[in-house]
Amino acid sequence: MTMPPLLEGRLTLPLIASPMFIISQLDLVMAQCRAGIVGAFPSLNARAPGLFENWLQRLGAELTEADAPFAVNLIVHRSNSRLDEDLALCVQYRVPIIITSLGAQERVNEAVHSYGGIVLHDIINDRFARKAIEKGADGLIAVAAGAGGHAGTLSPFALVQEIRQWFDGPLALSGSIATGRSIAAARMMGADLAYMGSPFIATREAHADAAYKQMIVDSGASDIVYSDVFTGVHGNYLRPSIVAAGMDPDHLPEVQAMDFASATGGDKKAWRDIWGCGQGIGAIEQVQPAGDFIAQLKAEYGAAVSGFRP
């Protein structure tokens, strides 16, 4: 296993906070980095003209060497018309970590490598993992069954085992991780880092409706619906939010084509009214500041590691 050099000594917990559409904005990312984990956000979350550059400027100015580095998620699917513009800004401001999704592109990897940044590509199976590394990604994010948002269907055991048969580079694991003990388990399975998103929705800094945050607290794994209806890509969503939007979770309409060009549109149902979430939220019991939640994770992780006996 290999921790990326730029993370050596910079993390107080082996954790990347996954970049969530709409949810992950500047306040949350700052809180995550200052608490010692990688904070991340999709570039598409900065909707207004000039806002993405403003966020990069602030992160560069306000975070210090004592903080964990941040990451930007770029959707590299052809429907993302902002990719070139956002990539150019990432190069200009030397974003330390780029997380690429929905396609691996050599030119994106080369651009990030030009200034010394690293690329982690999220994948849902071994075939996509091999393609990502062949095209120059530095590491992988294995998105297993139960992850929030766009999730895979494979067991984390199966996915990590297959990848580790041929790849010994940086590997993060995503899928129902919500406690410090599960972070420790991810490392025991062979991952260098855990990758956690949904629990951070129930934090004060998250850019989410109060009802969304409370739904995270009130819901469990049985409240998650796996569907490709909302974006054209299979993902996990909160059943109560689908019902509230006037839809029947058990009889959803036909699948639409994958399209991220309108991901920033205010009238888009997916992400605004249909709330993404992973299966691990049964462990979340309250809405609290991100720093307090991360402190809880650290205590749980420490107890799990110190208490393990082979």
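This passage walks through a predicted model, from its main sheet to its cores, aromatic pairs and a smaller strand pairing.

The sheet comes first. Eight strands make up an open sheet with parallel pairing, and reading across it gives the order 1-8-7-6-5-4-3-2. The edges are taken by strand 1 (15-17) and strand 2 (39-42); each of these has a single partner strand, so one side of each is left without a neighbour in the sheet. Going from one strand to the next, the twist averages 25 degrees. For a look at one pairing, take strand 4 (residues 97-101) and strand 5 (residues 118-123): they run parallel and are joined by four bridges. Within strand 4, Ile99 sits opposite Leu120 of strand 5.

Next, the packing. The largest nonpolar core counts 77 residues, and the members that touch the most others are Phe70, Val72 and Phe200. Apart from that core lies another, made of 19 residues, including Ala68, Ile141, Ala147 and Ala151. Val72 gives a good idea of who meets whom: leaving aside residues up to four places away in sequence, its contacts are Phe41, Ser43, Phe52, Leu56, Cys90, Val95, Ile97, Ile98 and Ile99. Two of the residues on that list, Phe41 and Phe52, turn up again with Trp55 in one aromatic cluster. Ile99, also touched by Val72, is the residue that faces Leu120 across strands 4 and 5.

A polar residue is worth a stop here too. Asn80 is found in the loop that runs between strand 3 (70-75) and helix 3 (83-92). Its relative accessibility is 6%, and buried means under 20%, so Asn80 counts as buried. The Asn80 side chain reaches the backbone nitrogen of Arg82, at 3.1 Å. Beyond four places away in sequence, Asn80 also touches Leu44 and Ile75.

Now for the rings. Searching the whole structure turns up five aromatic pairs. One of them joins Phe200 and Phe293: the ring centres are 5.3 Å apart and the planes stand at 80 degrees, so this pair is edge-to-face. The two partners come from distant parts of the chain, 93 residues apart, with Phe200 in the loop between strand 8 (193-196) and helix 8 (210-218) and Phe293 in helix 10 (residues 290-307). Both rings are tucked away: Phe200 is buried at a relative accessible area of 0%, and Phe293 is buried at 3%. Phe200 is also one of the three residues named above for touching the most other members of the largest core.

Tyr212 and Trp275 make an aromatic pair of the stacked kind, with 4.5 Å from centre to centre and 10 degrees between the planes. This pair, too, links distant parts of the chain: Tyr212 belongs to helix 8, while Trp275 lies in the loop between helix 9 (239-244) and helix 10, 63 residues apart. Tyr212 is buried, its relative accessible area being 6%, and Trp275 counts as buried at 12%.

Last comes an antiparallel pairing. Strand 9 (residues 224-227) and strand 10 run antiparallel, with four bridges between them. Ile224 stands opposite Leu238 of strand 10. Along strand 10 (residues 235-238), Gly235 and Tyr237 point one way, Asn236 and Leu238 point the other way, and all are buried.

Conventions:
Residues numbered from 1 in each chain as written. Predicted model: local features only at pLDDT ≥ 70, side-chain atom pairs only at ≥ 80, totals over all residues. Heavy atoms only, no water. Pairing = 2+ DSSP bridges. Helix = DSSP H or I, 4+ residues; strand = E, 2+ residues; numbered from the N terminus. Axes fitted to C-alpha atoms, helices over the stretch in contact; angles between N-to-C directions. Buried < 20%, exposed > 50% of the residue type's maximum accessible area, 1.4 Å probe, protein only. Polar contact = N/O pair within 3.5 Å; in protein donor to acceptor, adjacent residues only side chain to side chain. Contact = heavy atoms within 4.5 Å. Core = buried A, V, L, I, M, F, W, Y, C linked by side-chain atoms within 4.5 Å. Phe/Tyr/Trp six-rings, centres within 6.5 Å; stacked < 30°, edge-to-face > 60°.
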